[in-house]
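User: I should like to understand how the descriptive terms for this structure are justified. Please set each value against its criterion.

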Amino acid sequence: MTVCPAGDEHRKRAGLLQYRTHPKVLGSVFAYRPGPVALELWHDLCRAYKERVGDKKQDVQPPYRSLEAILRAVLGTWARWDVSDGRAQLLTGTEMSSEDRRDVFLYWGEAVLPSEPGHSAIQRMADAIAATPALPYPDLPRSVAGRRSLQWWPGELARWRLAEDLAAINWQLGGEKPARFVLCTDGTLAATGHELPSAPDTEGRVRRLLPRIKIGTAASGHSTRHAVTVNAVTTLLADRWYKVATVLLSNPDQPLAVAAHTDGPPWKRRLNVPAVAASRRLAGLPRLTHRVPPFPEALEENLIAATADLGAVRAVAPESVITPGLGRGHGMEMFRRIEAHIEEHCEPYRESSPLYIEVPGLSVPTTNTGVRTSGPILPQHLPSAMDAAGIGHLLLVVLYHTDEVRSRVQREIARQWHLGDTFVAFDGTVKHDVIPGRVDVLFLQDKAGALAHGPATAEHRQQQLAELLAPFQREEQVITALCETEWDPNRKYPTPQEKQKAEAEDGKWPSKQALARLGISSQYIKQAPPPVPTLKKNGDPCSPYFIKKATETREGGLTSSTEYALRDMARGLGIVDHRLGAAFGKLPLHPWWHIGIHIRRHAQPRQYGRRNTKPAPVTITLAAIRPVAGPNEPWTVWAYSAVTSQWEPYRRTRLAVQSAHLGFDVSGFSTIGDESHQASAGAQITEAALIAARTQLPLPGPMVIYVDGDTTEYIWAGLRDENLGQQPPADLPRPASWLPGHGFPPAQRPLAVVRTITDLERIGRPTGAYVRNKNDQWCRTKTTESPYQLVSDDGAGYVPDFLLTTVPRPWAAGPPGRFGSDFSRFAPEAANRQGKNGYAHTAVRLTTIPTAENADADLIGKAGVVLINQGVSWDGRQTEPTPLRLARQIDTNHPYYRRSCEEPQDPTPPAQAPDS
């Protein structure tokens with residue numbers, strides 16, 4: 001293990017699949033630089049590729065990616081054709097013969113230009129590359145981490161070298177025989193030959209999981225050393241080509257399995273045409289037959305059918321595809337074994353994990369304790385919380401279709417607000433003073449069908465709802481609605497067109513927008529699922545035990561969903577009780593504004609074969625929370641969006657965003673250098689919001705900013721690892737592009753910016769913790785949910801960096817002997833349990849970047865940990881601090897949020913469209 005600072009030698013340490021690297025692990029690197037003539041010929045070839053093969057708007061991969069898989073397969077190790085800074089060079093992890101270089105570029109180029117006139121140019125380019133001498137790379141760039149290095153070739157090579165070491169291991173994973181992972185040309189590892197099958201279905205079809213290991217680039221915090229992460233996943237093998245993006249081509253004697261990317265729209269996948277042609281010619285050469293597999297010319301369904309045996313072709317199914325009989329995830333034991341194998345077999349990475357030690361004096365329990373509050377807001381705390389939210393009197397309207405939902409909601413209101421079993425509210429009559437002087441309740445049946453599915457527009461539904469609620473509206477009264485939504489979990493759609501039509505006529509979205517335009521916050525609750533069946537499909541009766549357990553699960557799910565519907569309704573109104581202040585425990589509670597900034601770039605659906613001419617819109621929302629007074633007092637919540645351009649109570653901003661179209665047009669924002677329109681808009685709108693916060697927020701106080709590093713590092717350069725603790729560069733587009741609030745005078749800047757990261761590819765999978773036992777020996781715990789802090793171990797400047805590890809709720813709530821806790825999917829015990837999901841630790845990284853001289857960065861980081869552990873309406877630990885979560889939920893609760901993430905639609909006629 002890494003040496004710990006004096007005084008902390010015996011503190012608990014986090015186990016983490018993240019490893020610092022050193023330039024020596026890159027090994028030998030050779031560069032072949034053919035000169036400007038070859039570069040010019042390459043640009044000509046790229047133009048021909050675009051004309052003859054296609055480009056991004058036809059969903060065709062770029063030329064370098066098409067060529068890359070062939071290069072690596074021929075060489076048997078890492079290679080990269082790098083065109084940048086006005087220079088072309090072939091980089092390889094070992095020397096490549098001139099004959100191989102010539103044949104790869106010649107055959108691939110002739111596939112792009114099959115006609116005779118272009119052959120002479122291709123011949124000249126191939127000859128120039130073949131004649132270039134190998135140059136050992138003299139001076140490798142400084143090892144930096146961060147988002148930029150994902151496309152940085154030394155970082156890619158570092159990942160590749162670790163993957164090579166892992167591919168050489170005979171993995172003891174609990175199976176009867178050792179497993180081997182084959183290195184693929186895309187740098188992942190696949191356990192081909194060790195697929196995990198499901199039980200055959202009634203038609204004899206067998207689906208399979210392919211275990212894979214992925215190496216990622218870590219966000220290494222303040223360290224100047226590059227770091228890599230290891231993660232294991234289970235990939236479902238597809239039995240149809242729809243939406244398949246990656247095809248693995250592997251024969252037993254190949255050094256590398258070829259990971260070939262597909263081209264074309266999701267409904268008509270094909271392998272890259274030049275790659276297919278070049279591979280078939282190269283595979284015919286005796287010296288390369290054992291290295292390069294001949295790519296199939298056509299992707300036929302029988303190659304991957306579920307009834308066929310596995311061959312040389314494996315199709316990776318999209319992540320959205322699920323199948324009965326096969327779960328997902330490996331479970332915790334798999335990651336512990338990976339850590340042990342790396343420690344035993346990979347000497348350069350032994351004891352190179354960054355050191356995280358437990359934070360003393362910071363209590364973040366996941367259960368209901370004195371410093372953590374669970375459950376709904378108690379009725380005695382509601383009045384003060386409503387005052388903090390700016391709500392004097394509240395009318396809760398329950399709009400329902402079925403009696404089952406009505407009675408379920410009535411029981412839950414009585415339970416949460418301690419009204420007793422005799423509580424009854426009659427239809428159409430306001431039940432006054434449910435919370436004395438503050439809350440009334442009204443039940444109304446939606447007889448007009450304002451919530452029902454159908455083609456009615458939001459405007460028409462708004463008129464219906466206004467007429468329905470007009471008799472009950474009063475001045476100085478806030479109305480919130482709990483609405484029943486029609487739901488049929490077993491509904492099937494014969495064609496994608498019918499499914500699209502049904503989704504377009506879903507009554508939930510237009511009615512939600514209609515209510516928002518009336519100034520009414522809404523929360524939706526689904527109907528009860530069908531009763532538990534008493535007969536099997538073959539007519540035999542179900543066992544009493546099954547009926548009992550299924551009924552308990554059904555009733556428990558209904559009770560939980562009803563409870564959280566009411567709790568989320570309060571959260572949407574900005575009602576927050578004292579629980580956030582109580583969660584600080586012994587930490588000092590300062591009157592700071594904790595401000596979360598959420599920025600999301602929208603997907604931009606387009607018709608196949610056409611390109612978008614306008615930049616994608618964005619959604620920008622900010623949420624600010626702070627305690628009204630001490631730890632036993634409620635918190636006030638305010639919000640800002642590009643729609644309102646001003647700070648208002650959370651409820652009003654949320655309604656304004658839901659009333660408008662989702663997405664803000666950024667085409668009018670000027671850009672500087674290589675800055676995108678989205679980055680320019682994000683920096684400038686956020687800066688305007690923080691300026692307005694100084695005068696529009698109701699209580700004065702310093703600001704602490706929370707941002708999602710995974711999605712905003714392209715906006716603020718100061719969030720990237722290589723820039724932590726540094727001064728802004730001279731070519732920065734504007735001061736606001738360094739960090740939020742950086743454009744302020746130094747004395748007015750926020751105290752700090754807290755960068756959160758949740759992507760495990762950038763964190764590394766936690767494997768548990770190490771504690772010192774009575775014999776003064778380090779021993780590992782199976783799970784940990786403690787907060788940890790990164791120790792400065794390389795002499796660089798220190799920036800407080802925290803890690804909060806979490807055990808997933810489904811795993812924590814499970815019985816003893818959970819799947820994957822003590823054995824991996826490879827073990828005989830797992831053979832009949834492959835349908836189970838394997839859960840493992842998750843984690844959140846928080847990096848505190850101080851921006852004011854008097855900022856206590858350690859305390860601010862600890863406050864961020866507390867605000868992750870304690871939510872507003874959710875009992876579980878969150879994946880982000882509360883202010884950032886509240887800002888994000890303004891976006892995700894928009895009626896048409898899902899449509900802003902859609903993919904292109906299938907334009908083929910119904911007769912040819914695949915099943916959805």
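Analyst: Axes are lines fitted to C-alpha atoms, for helices over the stretch in contact, and angles run from 0 to 180 degrees between N-to-C directions. The model considered here is predicted. In it, the axes of helix H3 (residues 98-112) and helix H6 (residues 273-283) come within 8 Å and cross at roughly 135°.

User: What makes H3 oblique to H6?

Analyst: Angles over 145 degrees count as roughly antiparallel and those of 65 to 115 as roughly perpendicular, the rest outside the parallel range being oblique. The crossing angle of H3 and H6 is roughly 135°, and H3 is therefore oblique to H6. The crossing of these two helices is right-handed.

User: Which residues of H3 and H6 meet, and how is the contact of H3 with H6 composed by class?

Analyst: From H3, Asp-103, Val-104, Tyr-107, Trp-108, Glu-110, Ala-111 and Val-112 take part, and they meet Pro-274, Ala-275, Ala-277, Ala-278, Arg-281 and Leu-282 in H6. By class, this contact has ten nonpolar, no polar and three charged residues.

User: Why are H10 and H12 called oblique to each other?

Analyst: The axes of H10 (residues 458-469) and H12 (residues 508-517) come within 8 Å and cross at roughly 55°. Angles under 35 degrees would count as roughly parallel, and 65 to 115 as roughly perpendicular. H10 and H12 are therefore oblique to each other. H10 passes H12 in a right-handed crossing. By class, the contact of H10 with H12 has six nonpolar, three polar and three charged residues.

User: How do you know whether Thr-229 is buried or exposed?

Analyst: Buried means under 20% relative accessible area. Thr-229 has a relative accessibility of 1%, so this residue counts as buried. Thr-229 is placed in strand E11 (residues 227-236). Beyond its neighbours within four places in sequence, its contacts include Leu-17, Lys-214 and Ile-763.

User: What does the side chain of Thr-229 reach, and at what distance?

Analyst: The side chain of Thr-229 reaches the backbone oxygen of Glu-761 at 2.6 Å.

User: Why is Asp-577 called buried?

Analyst: The relative accessible area of Asp-577 is 3%, and the cut-off for buried is under 20%; Asp-577 is therefore buried. Asp-577 lies in the loop between helix H13 (544-572) and helix H14 (579-582).

User: What makes the pair Asp-577 and Arg-579 a polar contact?

Analyst: A polar contact requires a pair of N or O atoms within 3.5 Å. The contact joining the side chains of Asp-577 and Arg-579 is at 2.8 Å.

Terms used: Residues numbered from 1 in each chain as written. Predicted model: local features only at pLDDT ≥ 70, side-chain atom pairs only at ≥ 80, totals over all residues. Heavy atoms only, no water. Helix = DSSP H or I, 4+ residues; strand = E, 2+ residues; numbered from the N terminus. Buried < 20%, exposed > 50% of the residue type's maximum accessible area, 1.4 Å probe, protein only. Polar contact = N/O pair within 3.5 Å; in protein donor to acceptor, adjacent residues only side chain to side chain. Contact = heavy atoms within 4.5 Å. Left-handed = near helix turned anticlockwise from the far one by under 90°. Nonpolar A, V, L, I, M, F, W, Y, C, P; charged D, E, K, R; others polar.
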